[in-house]
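The exercises below go through one chain step by step, each with a task and a worked solution. Please have the sequence and the structure open while you read.

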Amino acid sequence: MDLDQPTLPLTGDVRIPLLGFGTWQATGEAGYEAVLNALDAGYRHLDTATMYGNEKEVGRAVKESGLRREDVFITTKLPPDRVGRERETIEASLAALDTDYVDLWLVHWPPSAPGDSIPVWREMLAARDANLARAVGVSNYSIGQLDELIQATEETPAVNQIRWSPSLYDRHTYAAHRDRGVALEGYSPFKTSDLSDPVLVRIAQAHDVSPAQVVLRWHIDHEIVVIPKSVTPERIRANFDVFGFSLTAEEMRDIDALAG
């Protein structure tokens, strides 16, 4: 992947762009247009899921963008109701996305039946070993749930995608992922942020950017993958325009402190 934007190494030789484009609720023609706009703006990391019902539109946008497949990082996810049908699900995702592989496949939510976690994880690993996914990981898992997988299989999830923002910042959770070699990927960066918070406003003014751009840059400077979503072309571009500044150590500490 030839990129001039920051990436994070995952297991193997896989690198994930720190800034991605979230596609939850972006469906149909509007979803297709949003992904095309995102790729045009410079995003090279797309996050979808079987549950989102938009893999076909995501795949079509990638094809029609003119970009090489290897230059776009694609994530999709296994829904909870597909436990026991993992291989069938990834094959359906690949068919919808019109690609031979995804870059990252995640377990969308921990299985509700306690005994299912390890078998599901083994199926994810089998899909990776069959080259259907370059890396595999999880979403919405606790540290204890991560440890259960690691202890049972000696295979660490490449990524754990969880809800994350300055107000949810927890240094213990952050450190626990880093200690285990699991990349932390945050979703809903704005939903749980107060963009009118005086700290964010002050820092935004200092860099001549918006509070939303500060929130995204805070993730990137922490080396936390972040996947803002929007279907508005202007917002899509603004969310990508975060590489022209970085936050000072003091600003990072001030933002970390918003979690109280």
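**Exercise 1. Find the residue that stands opposite Asp-47, and then describe the strands around that pairing.**

In this predicted model, begin at Asp-47 and look across to β5, where Thr-75 stands opposite. Next, consider the two strands as a whole: β4, residues 45-47, and β5 run parallel and are joined by three bridges. Finally, follow the chain between them, which passes from β4 through α2 to β5 in a β-α-β crossover that is right-handed.

**Exercise 2. Describe the pairing of β5 with β6, and trace the path of the chain between them.**

Start with the bridges, of which four join β5 to β6, residues 102-107, with the two strands running parallel. As a point of reference within this pairing, take Lys-77, which has Leu-106 of β6 opposite. Then trace the connection: the chain leaves β5, passes through helix α3, residues 86-97, and arrives at β6, and this β-α-β crossover is again a right-handed one.

**Exercise 3. Decide whether β5 is enclosed or open to the outside.**

Count the buried residues of the strand, where a residue is buried if its relative accessible area is under 20%. Six of the six residues of β5 meet this condition, and the strand is therefore largely enclosed by the rest of the structure.

**Exercise 4. Place Arg-69 in the chain, classify Arg-69 as buried or exposed, and list what surrounds this residue.**

First, locate Arg-69 in the loop that lies between α2, residues 55-64, and β5, residues 73-78. Second, compare its relative accessibility of 17% with the cut-off of 20% for burial; because the value is under that cut-off, Arg-69 counts as buried. Third, set aside the neighbours within four places in sequence, which leaves contacts with Ile-74, Thr-99, Tyr-101, Val-102 and Asp-103. Fourth, look for a polar partner: a polar atom of the Arg-69 side chain lies 2.9 Å from the backbone oxygen of Tyr-101.

**Exercise 5. Judge how compact the whole chain is.**

List the elements first, which are ten helices and ten strands. The radius of gyration is 18 Å, close to the 18 Å that the globule rule gives for 260 residues, so the chain is as compact as a globular protein of that length. For the outer dimensions, the C-alpha atoms fill a box of roughly 50 × 40 × 30 Å along the principal axes. Turning to the interior, 54% of the 260 residues are buried.

Notes. Residues are numbered from 1 along each chain as its sequence is written. This is a predicted model: local features need pLDDT of at least 70, side-chain atom pairs count only at pLDDT 80 or more; totals for chains, interfaces and linings use all residues. Side-chain values use heavy atoms; hydrogens and water are left out. Buried means under 20% relative accessible area, exposed over 50%, partly exposed in between (1.4 Å probe, protein chains only). A polar contact is a pair of N or O atoms within 3.5 Å; within protein, one must be able to donate a hydrogen and the other to accept it, and residues adjacent in sequence count only if both atoms are side-chain atoms. Contact means heavy atoms within 4.5 Å. Two strands pair if DSSP finds at least two bridges between them. A crossover is right-handed if, with the strands pointing away from the viewer, the path from the first strand over the helix to the second runs clockwise. The radius of gyration is taken over C-alpha atoms; the globule rule is 2.2 Å times the number of residues to the power 0.38.
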